[in-house]
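Open your viewer, switch to a cartoon view and keep the selection tool at hand. We will go from stop to stop, and at each one I will tell you what to pick.

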Amino acid sequence: MAGLATTFGSGAMTNSINEIENAEVILVSGSNTTEAHPQVARRMLDAVDRGARLIVIDPRRTRLAECAHLHLALRPGTDIPLLNAMMRVLLDEGLADDLFIEMRTENFLALRDMLNRLDLEATAALTGVPLALISQAAQLYGRARKAVICYCLGVTQHVCGTENVQTIANLAMLAGHIEKEDTGVDPLRGQNNVQGACDMGALPNMLPSYQAVANQDYRDKFERAWGVSLPEAPGKTLVEMTHGGAQGSIRGMYIMGENPMLSDPTLKKVEETLRGLDFLVVSDIFLTETARLAQVVFPAACFAEKSGSFTNSERRVQMVRQAVTPPGECRADSEIIMELSGRLGYGMEYNSSAEVMEEIAMLSPIYGGMHHDRLDQSWGLQWPCWDRSHPGTPFLHKYYFTRGRGHFMPAGHTAPGELPDPEYPLLLMTGRIYHHYHTGTMTRKSERLTRECDHAVLQINPADAKAHGLRQGESVRLSSRRGEITLAAEITDQVATGMVYTTFHFHEAPINLLTNDAFDTGSGCPEYKVCAVRVKKMVNS
Amino acid sequence: MHDVLTTCVYCGCGCGLYLHVEDAKVCGSQPSRHHPVSRDNLCVKGWHIHESVNHPDRLTTPLIRKGDALVPATWEEALDFTAQQLGSIRDQHGGKAIGVLASAKCTNEENYLLQKFARTALNTNNVDHCARL
C-alpha cells in the first residue's frame, strides 16, 4: 500500500476485477491466485481462453504458472532486478510510452539513468531467469494495448516490499499501462475487508480516508468532529506492538477479531509480549490462540449476525446483512466498543451501522457518497465516490493520478533479511491454500473443508527429499534459528531444489514460530517469503 | 426457509451470496447469479460458509481470567473490568501504552468505531490490523 501511495497516490487496485478478463496481457507476480483469489483467477483464465497472454512471476510452479505462456521462476527476493531488467528491455526496444511519461509522470530521468547503468546480463543472472525469457516477457507486456499487472503478498512480504511495489508501478508507467479501462496495476487484497480496515483509518499513521495523522489540518478536522484533542505522533505498527517484549512500552492491548498468536512472525516473541502485558482483552467468535492468553474475552457476533459493509479488493463497498440473531450472549463489536467508550468517558451513540456510515461519509472524502440506502439498492459502490450523486469509480487515475503526476521511484536490489547458509541450507516460503482462510479460526471449524485438508504439508523438491531420505507423507522436523515444528512432507516439483513451502493455517504446525521478523520499514510488512531453514526426517513417527 | 443476500467473508474478492435461513439458523449458502464478482459461482469456502456460524465451539458468554482459567462472567463484569483496566493504564502511562488491533475481517463501521475509540477514549494512535499478513 505504501508503495502505490507514493507512486500513484492511491494504494488500491486501479481496475475492477471484471476488467481483468478483457486484458490482452496479464502479468501476475507473487500471487497464488487460483487458491487465494479464486474469482480473480477465473477472470484470468477466461481471458486466456479468449486469447490473452499470461505471464506469471513466481518462484513456485503454481497452478496458474502451469497455465501461463511464460513462467518466470525467479529466485525469491529478486523481484526488483527482474523488473528492472524488463524495464531496460522496454527502453532498449523503444517500447517506453514517451507521451504518457511526458504528460503524466515525474522523475523519469532518475529511472532512465538507473536503468541505463544496469548490467543486463548480471541483473538477469541474479534472478535466475534466462535473459531471453525476461526479454520476451517485457516485449509481450510492452507491446500490448491493454495489460494488467496483478500482484499479491509474494511481492509485499519482503524487507524491500515497498520498493518491489514501486518497481511494479515504474514498469506500468514506463509502458503507459495505467489510466485506461482493462489496464492497470492491481494489488489483490488477501482478507475480505483489509481494504476497508485501511480505508477506515485502522492504521497508526492515517485517519479515515488516508488523511495523515501528521497533518495538522486533518487532525483539526477530526478534532472538531469528534470534540477531543487527538494525539499528534503516528502510532506503532502491528509488529511493533506484538513484538515489544515482555517489558515493552505497550502495557495493555485490545484485539478485535485477529489472531496474532498464529499470524505474526516469530511467534515466541509475540507470546512473550502478550503474556507480559498488564492487561489483554480479545473480542472474537472462537477462543483463538490469542484469546487464550487474555484476561477478558468478549463473545462477538459473526458476519451473519450483524449488519454493516465490507470493501473488497476492487474498492467495492458492499452490504453485509444480518440473517440471524447472535447465539447466546454474543454482541456485535460495534456495541462492545460503544459500551467501553462510554465507560472510559467518551460517549458514542449510534442506533445502527447506517448511522456510523453517515459519519464516515461526512469525514472521509473517498466515501463521501457511500450511504447504506445507496449500497443496499445496488451491488455496492467503488471508491472514490465523492458525493450522493457520484456513481463510484470502476478504474482509477483516469486523466490524472490521485497524487497529480505519477512518480517514478527507481530502486536497486535489496537482499532478504536471512538467506540459506550451510547450517540452514533451505529457503522457506509461506503462503495459503484453497481450502483454508488465514489462521483457520473459521475454516477449520468446517467439517467439509477439514475433510478436504486437515493438516499442514511441507512442499519439498524430489531431489531434496531424496537427499534427506524422505518419502511422500513422512513426518519431517523443520527448524530455523527461531523455532521448530513437525509436519508432513509433500514431494513435488512445484518447488525448485533448495526451497520449501508451507502454509500458516494450522495451529498444530505454527510456521510463524520459524519465520523471520525482519520487516519492510516502508510498510511494516514482515518478510514471510524468505527465511533459512533445515529439514530432518523424523524416525518412526 | 428464506434467503438473505450478503457478502462472503473469506477473501478480498467479496462474492455476493445468499444465506439460507431455516428455524433461525443459517443452514446453507448459494451464489448470487447477477453479482458482479460471484456471477453464480462460489469457491469451496463460500459454499461452506454456514458451518462456522453454527459451530458448537462458538463463544457465547464473556470470559474473565481467574488464575489459570477463563471463567464465564456477565457483560457488566467484563465491560466494567476492561474499562477500569484500560482506563488505569491510560491514566498512569498515557495512551501510548495501549495498543489496539482492529480487524480485516470486521465491517467498515466496526473498524471506524474502533479506531475512533482508540484515538478519542484511549488517546492513542497505536491502532493497526493485519493488512500485511
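Start by selecting strand β1 of chain A, residues 25–29; strands here are DSSP E runs of at least two residues and helices are H or I runs of at least four, numbered from the N terminus. Five of its five residues are buried, so β1(A) is largely enclosed by the rest of the structure. Buried means that 20 or more other C-beta atoms lie within 10 Å of the residue's own, with C-beta atoms placed from the backbone. Turn on side chains and you will find both faces covered: Val25(A), Leu27(A) and Ser29(A) on one side, Ile26(A) and Val28(A) on the other.

A word on the model before we move on: it is predicted, local features need pLDDT of at least 70, side-chain atom pairs count only at pLDDT 80 or more, and totals for chains, interfaces and linings use all residues. Residues are numbered from 1 along each chain as its sequence is written, while chains are lettered from A and ligands numbered from 1 in the order in which they are written.

Next, add the strands that pair with β1(A), where pairing takes at least two DSSP bridges. Strand β2 (residues 53–57) of chain A runs parallel to β1(A) over five bridges, with Val56(A) as the bridge partner of Val28(A). Strand β5 (residues 147–151) of chain A is also parallel to β1(A), joined by five bridges, and here Ala147(A) stands opposite Val25(A).

Now pick Ile26(A) alone. Leaving out residues up to four places away in sequence, its contacts (C-beta atoms, placed from the backbone, within 7 Å) include Met44(A), Leu54(A), Val148(A) and Cys150(A). Ile26(A) is also among the residues that touch the most other members of the largest nonpolar core, a set of 204 residues; such a core joins buried Ala, Val, Leu, Ile, Met, Phe, Trp, Tyr and Cys residues through C-beta atoms within 7 Å. Select helix α5 (residues 79–92) of chain A too, as this helix gives the core its largest share, eight residues.

Finally, show chain B. The contact takes 117 residues from chain A and 90 residues from chain B. On the chain A side, helix α17 (residues 333–343) gives the most, with seven residues. Zoom in on strand β11 (residues 296–299) of chain A and strand β4 (residues 63–66) of chain B, an antiparallel pair with two bridges. There, Val296(A) stands opposite Ile64(B).

Terms used: Two residues are in contact if their C-beta atoms, placed from the backbone, lie within 7 Å. A residue is buried if 20 or more other C-beta atoms lie within 10 Å of its own, exposed if 12 or fewer, and partly exposed in between; C-beta atoms are placed from the backbone.
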